[in-house]
Each structure stands twice: as structure tokens, then as C-alpha cells.
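Here are a few exercises to work through with the model open beside you. Try each one before reading its solution.

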Amino acid sequence: MPNNAPSGTLFAIKRYALHDGPDLRVTVFLKGCPLSCAWCHNPEGLDMEPAVLTVPGRCAGCGECLAACPQGALSAPSGAVLRDPAACTACGTCAEVCPALAHEAVGGRWTVAEVMAEIQKELPFFEGTQGGVTFSGGEPLAQPQFLESLLQACGRLGLHRAVDTSGFAAAETITRIAPLTDLFLFDLKHTDPAAHRLATGVDNAPILANLRLLAESGAEIRLRLPLIPGFNDDENNIRRTGLLAASLPGIRSVDVLPYHATARGKYAKLDRPYPGEHIPASSPEDVDRAVEILKNCGLNVRIGG
Ligand code: SF4
Ligand code: SF4
């Protein structure tokens, strides 16, 4: 019998999250993102499909995975195990059998019921608080039906629901998701279209239109400015961001998110070059300057998520 349960791809479920919305949260990370920001701190969430990676140097040479792989996708011509990406179906068998934990599954397919079973384990921690569930990524709006089903299921449990988004989605998706969401954590990376396209690979026009659509619909929004040195931390962009936020109904606060190269290790594990190598960390002076400019626009400003 076919399994028609709503399902999608996740790459993590994080418990006891403190910075993804009010009070204690469970943060569910959906895989897949249409943007390609050099400073992305969740590169394992970029691709929509689950993957399995092999960590260099961990193999103990037992040969278990070579025998277990149903696709014959692994070989060890000179000792180190090699994966043929064209043959690998990311089934995860090699990760299950490897005694040295040399293979790691990055994401997997989950049904709504499976995700909700994980969330329900945390229900006692939410009692009497505004705590709840935050959907992040990747870009959670890139799996709109899965996200909608998850939000509906959380709503049936009376949980506070937050969506952490770049805002890059079809307007129809925003319209469907907004009534199911108590708080949007909305990243605005740059107000200038050319700069935005150059650094993220996508136009900011739909993002700005969706921000306005959400604000005018009465949604609660925390605008977030990832402060990226040399990209969006100039006075002009920060002021334009502040003036835009202050002009929209319902947005009175902005989070400034200083940049640090904390994701470098994740890229190495994924065997990808770190595209943020050239970006220096945000200095305390630059963060203070951004906060001051935004406050002068009449906004409440917080540093960090
Ligand atoms: S994930 Fe599955 S198909 Fe891919 S190498 Fe491992 S066992 Fe083979
Ligand atoms: S199962 Fe693990 S330790 Fe054994 S050969 Fe495969 S990668 Fe190496």
C-alpha cells in the first residue's frame, strides 16, 4: 500500500534552543535552500536531498561498508574508502555498519508524524511558557506542504510556532503559512537588489514584497540583519534597512546577528571549500555602530538571535 503521509527532508532537530524565538524551543531544520550565501552557517541544509558523507581519516579499514552497500557504491582501491556519488542513493547502510563512525548521514526523510513524535517528548518543558517550535533550515518555505502540515500539527497541540526564513518564496506560500505562524524570524540581507543578487544568487524583490505582505497581514515579525563585513554593514544599507523596518506595521524590533566563521569545520566535513574564508568577523565597534543607526530609526535592537 502506498504511503501518502506528508513527509519532507530534515537535517536536524535541536532541543533546548534559546535563541530561535521566545523561551525554550525545539528547532526543526528543514533541508534545501534556494539562496547560496557565502556566510551560510548551515551548509548541510543547502541541498534538498539527504546525503551520506565520509569523514577523512576515520576509516579503520575493516571493509564492512564495502560488503554492506547495496549499490556497490564504495571501493577502497588504495586503502581509503571512496564513494561513487553517481551510484550512492544515500540509503545510510554504510553509516549504520561502520564501527569507526566514518560515514555520517546528512539529513533524512521524515513524516509529519515522526517529527511530531520528537516534538511531543518536549511538551513538559513548554508548559506555562511561550516556548514552542521553530522551523528553520535551509529555507523552511522551500518545502511548503510539509511545513504547512507541521505547523497545523503543532497548532493542534497549542504550541507557539515560529518560522525562521529568508523570505524567498512564492507569495501564495506566504499567504498559506502566515495564519499558521505566531512569529516570523525574517532575515533581510541587503536592501540593494544588485548587491543581494551578487551575494546570495537571488533577487531581493520577492523577499521585500513578502516582508511587506506579512507586515500588512498583521503577522508578528522579528527582522534579523546578519551583519556581514564588507557586504551589508555600510551605514547606507543599515539605515535603509532600519527605515524600511520602521515604515512597516508591526515591526518594532530588529536583531543584529554579528558574523563569525563558526561554520568552517562543517564545510571541511562536507568536503566543500568554505566560501566565507575572506570575510572577517564583525568587530564590536561595527556591531555597536549598526545598533546605533537602527535605534535612531526608532527600533528596538537586540544583538544576537
Ligand atoms: S549511503 Fe547506501 S548507497 Fe550510499 S555508499 Fe552508503 S550504503 Fe552505499
Ligand atoms: S566500515 Fe568504516 S572502518 Fe570499515 S572500511 Fe568502511 S569506512 Fe572503513
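**Exercise 1: the shell around ligand 2**

By class, the shell around ligand 2 has nine nonpolar, three polar and one charged residues. Here Ala, Val, Leu, Ile, Met, Phe, Trp, Tyr, Cys and Pro count as nonpolar, Asp, Glu, Lys and Arg as charged, and the others, Gly among them, as polar.

Before going on, some ground rules. This is a predicted model, where local features need pLDDT of at least 70 and side-chain atom pairs count only at pLDDT 80 or more, while totals for chains, interfaces and linings use all residues. Residues are numbered from 1 along each chain as its sequence is written, chains are lettered from A and ligands numbered from 1 in the order in which they are written, and side-chain values use heavy atoms, leaving out hydrogens and water.

Task: work out which residues are the closest to ligand 2.

Solution. Start with the 13 residues that surround ligand 2, counting a residue if one of its heavy atoms lies within 4 Å. Then pick out the closest: Cys59, Cys62, Gly63, Cys65 and Cys98.

**Exercise 2: two domains**

Task: describe how domain 1 and domain 2 meet.

Solution. First, the bounds, which come from an automatic or database domain assignment: domain 1 is 7–48 + 108–303, and domain 2 is 51–106. Next, their C-alpha centres are 34 Å apart. Five residues from domain 1 and five residues from domain 2 make the contact (heavy atoms within 4.5 Å).

Now the area: the two domains bury about 420 Å², 66% of it on carbon and sulfur atoms. That is accessible area (1.4 Å probe) lost on putting the two parts together, summed over both. On the domain 1 side, Lys31, Lys269 and Leu270 lose the most, together 77% of what that side buries.

Finally, look for salt bridges (a side-chain nitrogen of Lys or Arg within 4 Å of a carboxyl oxygen of Asp or Glu): between the domains there are zero.

**Exercise 3: a bridge between helices**

Task: find what arginine 176 pairs with, and what that ties together.

Solution. The structure holds 18 salt bridges. In one of them, arginine 176 meets glutamate 148, with the closest N and O atoms 2.5 Å apart. Arginine 176 lies in helix H6 (residues 171–177) and glutamate 148 in helix H5 (residues 144–156), so the pair ties together parts 28 residues apart in sequence. Helices are DSSP runs (H or I, at least four residues), as are strands (E, at least two), numbered from the N terminus.
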